[in-house]
Amino acid sequence: MKRFILFSALCLAACTGEAPTPADPAAEKGRPLVIASNYPLYFFASELSGGTADLRLPDIEGDPALWVPDGEQVAELQAADRILLNGAGYESWLDFVTVPEDRLLDTTANLGERLLAQEETTVHRHGPEGEHSHAGTAFTTWLDPELAAEQARVIAGALSALQPQRVSDIAARLAELEARLAQLDRELRQAFDGLQGAPVIFSHPVYQYLQRRYGINGRSLHWEPDEVPGVQAWLDFQNMLRGHPARLLIWEGEPAAETTGKLREAGVESLVFEPAANRPEQGDYFDVMASNLAALRQSAPD
Amino acid sequence: MRGALKLGWRYLAYHRFKTAVLVAAVTLMIFLPAATRLLVTDSAAALTARAAATPLLVGARGSELELVLNALYFHAERPPEIPHAVFEAVRGSGLAEAIPLYTRFQSRGSPIVGTSLDYFTFRGLELAEGRLMGLLGECVIGAGVARRHGVGAGGSLVSSPETVFDLAGVYPLKMKVTGVLEPAGTPDDEAVFVDLRTAWVIHGLGHGHQDLEQAGARGAVLSRSEESITANASLVQYNEITPDNVREFHFHGDTSGFPLSAVIAVPQDEKSGTLLRGRYRDEGVQEQLVVPYAVLGDLLETVFTVQNYVVLGLVMLSLATIAVITLVFLLSQQLRRGEFFTLRRMGASRGFIALLVASEITFVFAGSLLLAAVMTWVVRAYATKFLLELVTF
Amino acid sequence: MAGVRISGLHFRYPGARGFGMRIDALEVPAGECVAIVGPSGSGKTTLLSLVAGILLPDPGEVRIGDQAISRLSDSDRRRFRIDRIGQVFQAFELLNYLTVAENVLLPRLIDPAAGPLTEARQRAAELLADVGLTAKADERPDRLSHGERQRVAVCRAMLNRPGLILADEPTGNLDQVNKQTVVDLLIRQAQTHGSTLLMVTHDRSLLAAFGRVIDFSELARTEGFAPEAGS
């Protein structure tokens, strides 16, 4: 009899159950997890957070524009409290990566018409849908210190929302960062003024915002620094020189010696101005810009 | 007392067939009405729990019940579709969190649910293994799907074509399984979850093909000009999305017009919910906003009414069964008069005889009660699953 | 040991007009083996029921040993039958849903005051061994021959070492060999335990073993009983 009662009681107890409570990732962690999609954003965020946030920059091999996150990186993105986006079409991976949309922060969303269109798109057509293109927006906004400051302000707002107890500290750090960007702006203007409006050529169309900010008379090629241009490329280059007699070619990376030699023969000097999209091997964003400034000053016409 | 119990037990054990028939009859008498009631009550509770957990649902005008069944239980009967712009409108209203659903397709009998990551948080779904879908073409499967198809994280599933003859329409997409969910005891166990855009790829609204600007695609180029490239029919379209070709996938057209089955709206608060509902009361609005709990409530009211009649019938049957069982017992006692007389002659009291008979009755009813309890427990364990499988995909 | 004494007994079945019995006196000393012979249907079973206290005389007295059983309460009479009277019936009256050994234990099973059955089981085993049925202890009665069943019934009657054994046509369903076997068994058990044996029978071939034979027609005057012709 006792066994029967116990068994029946167990049966009834087993019939009840409780629904699982969903986990709250933010509550479990001490520091908010913030992921930046490029190095400049990562740098700005780290300056503003002062190490109080868990900041991460995905380890991207090769061209960031071609980045496809692996499983671990995707999981990290999905776990982030905030994902700092450059916007302006930089994060093409958003087209095929699933992330929580409410955690995304587009740092250039408010720039509106101040964003520049990407030049040179290709239209293709197949199937019944007709023509369509993959045109976009120029995304190297951080090369314009004024726009970079706007992005920093957006990041500061996000960090303040995540860490309300640090609002005043973040504000102070933002002021400091804005001051440094303003100083950089003055120095870049001074250095580019040294060009005195002379035409320049860029190795790739990634300097649009620099061009606009400092009134640089520039046109762009599609040359890789580590590749020696072929015959057709040289011909196109010479054609360009006829209409745009530049004496300076600005590269985003150290060009091949053969290329610089040939350019010198053509009367064109080379200068490396790193776009600072990726984490530098040494130093930080301002160090890279300082190095760019030094190269600019060195190459200024006498 | 022990002697009477022993005699009663031995009598029943000796007449196994008669005892089994009696136990079976009494068991059914207890079990049927109890199980009917439990089946309906528990299943209704599960159905309404899911509906209650879904505050508002936006879908095309038409059958409210079909909309709710499809969105909550991924029912095969599909209501008309709504454009993605509806989801954007709900999200943009600031009144509610919006979760898109596109449930048109299926994979080997399991519904494919195109949605966002918010769905998993909303339904409290946890991962048993792996991770949530991250890239286009990846999927996360419910525990039931994993068990039924013998597939886990790292495996793959292929979407089923809607019709064999429409080769240019919905075509099979091989999806990589990145994770398996913990059993939830809901229709989510039987679903394959993908990013909404993956569902659109299955639809054929997006696709991936060779890069027409690459040398390898020359054979697929019909014509080329400075601004445009036209491809021919030999262009290779991918039916599996991999990290190597994911960048080749793209959508044609404005995604605002792309289809959805429904939008789950989770209002910020009651006032927001009321404001949102007000927006869809206008006759001119193409979509309808329903409260799933209310829609199911109407349906369940009918079910409960039917249940009551069924239980009433079963109770009457039970009364008849009791009458028959009583007759069997009385006849049995008649046949055993000689045995009882001998026991009396030997010195057994009337009380002993009564206890002997009572013990037999008690053993039969106790055994039946135990058996009915076990059967009812089994029904209860599977009732929800059973009814949900009836209602769902 | 318990002798039987009946005096001035008159019995009539309630509501049954014409069915009655009168016994002026019967005295059976303790330890005596007595056969009461008479035709079937003459009232011998009624006599045993009166002796066992199942039926009560009105008026009259039935004494067993020093106990006037006819004056006891119903529960006391039942107690008396369990403790001090062993009964053997013509149709064996074994329960087929119990084993042979459990049938022997039946007087203890129906006894509300019975304690642990250990001693009783031991006693049952000894009784079955005594009648050569140890090997059949776990069998059901319906697997035994009639003779074996009646031997089991005798063991059951002897479980509580009764002072009085009442045997009602115990050989009625047996063949000639088993009849004698059972009668001899009854007498042996009675003599071994010092019990008084009262056996009613219509079979005169069995009377030689008894020390005393009473003709029922001389013992009792009956009304309404219809003895079977030729029995």
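## Chain C at a glance

In chain C, 45% of the 231 residues are buried. Keep in mind as you read that this is a predicted model. The secondary structure of this chain comes to 8 helices and 10 strands.

How do the contacts of chain C spread along its sequence? Take those with a separation of 6 or more: 76% of them join residues 24 or more positions apart.

## A helix in chain A

Now find helix α5 of chain A, residues 145-162. This helix has 18 residues and reaches 25 Å from its first C-alpha to its last, close to the 26 Å expected at 1.5 Å a residue.

Which residues of α5(A) are buried? Among them are A:Leu147, A:Gln151, A:Val154, A:Ala158 and A:Leu159. A helpful idea here is that an α-helix has 3.6 residues a turn, so residues three or four places apart point the same way. The cover over the buried residues of α5(A) includes the helices α3 (39-49), α6 (167-193) and α7 (208-214) of chain A, along with the strands β3 (82-85) and β4 (104-106).

## Two helix pairs in chain B

Two packed helices are described by the angle between their axes and the distance between the axes. Let's try that on helix α2 (residues 16-52) and helix α9 (residues 292-335) of chain B: the angle is about 175°, and the axes are 9 Å apart. α2(B) and α9(B) are therefore roughly antiparallel to each other. Their contact has 23 nonpolar, 5 polar and 1 charged residues.

Helix α9(B) also packs with helix α3 (residues 64-73) of chain B, at an angle of about 115° and with the axes 10 Å apart. That makes α3(B) roughly perpendicular to α9(B). The crossing of these two, α3(B) and α9(B), is left-handed. Which residues meet here? From α3(B) come B:Glu64, B:Leu65, B:Val68 and B:Leu72, and they meet B:Pro292, B:Val295, B:Leu296 and B:Leu299 in α9(B). By class, this contact of α3(B) with α9(B) has 7 nonpolar residues, no polar ones and 1 charged.

## Where chains B and C touch

How many residues does each chain bring to the contact between B and C? Chain B gives 15 residues and chain C gives 18 residues. On the chain B side, the elements that give two or more residues are α1 (2-14) and α10 (337-346). Of the elements on this side, α1(B) gives the most, with 6 residues. Sorted by class, the chain B side that touches chain C has 7 nonpolar, 4 polar and 4 charged residues.

Terms used: Residues are numbered from 1 along each chain as its sequence is written. Chains are lettered from A and ligands numbered from 1 in the order in which they are written. This is a predicted model: local features need pLDDT of at least 70, side-chain atom pairs count only at pLDDT 80 or more; totals for chains, interfaces and linings use all residues. Two residues are in contact if their C-beta atoms, placed from the backbone, lie within 7 Å. Helices (H or I, at least four residues) and strands (E, at least two) are DSSP runs, numbered from the N terminus. Ala, Val, Leu, Ile, Met, Phe, Trp, Tyr, Cys and Pro count as nonpolar, Asp, Glu, Lys and Arg as charged, and the others, Gly among them, as polar. Axes are lines fitted to C-alpha atoms, for helices over the stretch in contact, and angles run from 0 to 180 degrees between N-to-C directions. Angles under 35 degrees count as roughly parallel, over 145 as roughly antiparallel, 65 to 115 as roughly perpendicular and the rest as oblique. A residue is buried if 20 or more other C-beta atoms lie within 10 Å of its own, exposed if 12 or fewer, and partly exposed in between; C-beta atoms are placed from the backbone. The expected span of a helix is 1.5 Å times one less than its number of residues. A crossing is left-handed if the near helix is turned anticlockwise from the far one by less than a right angle, and right-handed if clockwise.
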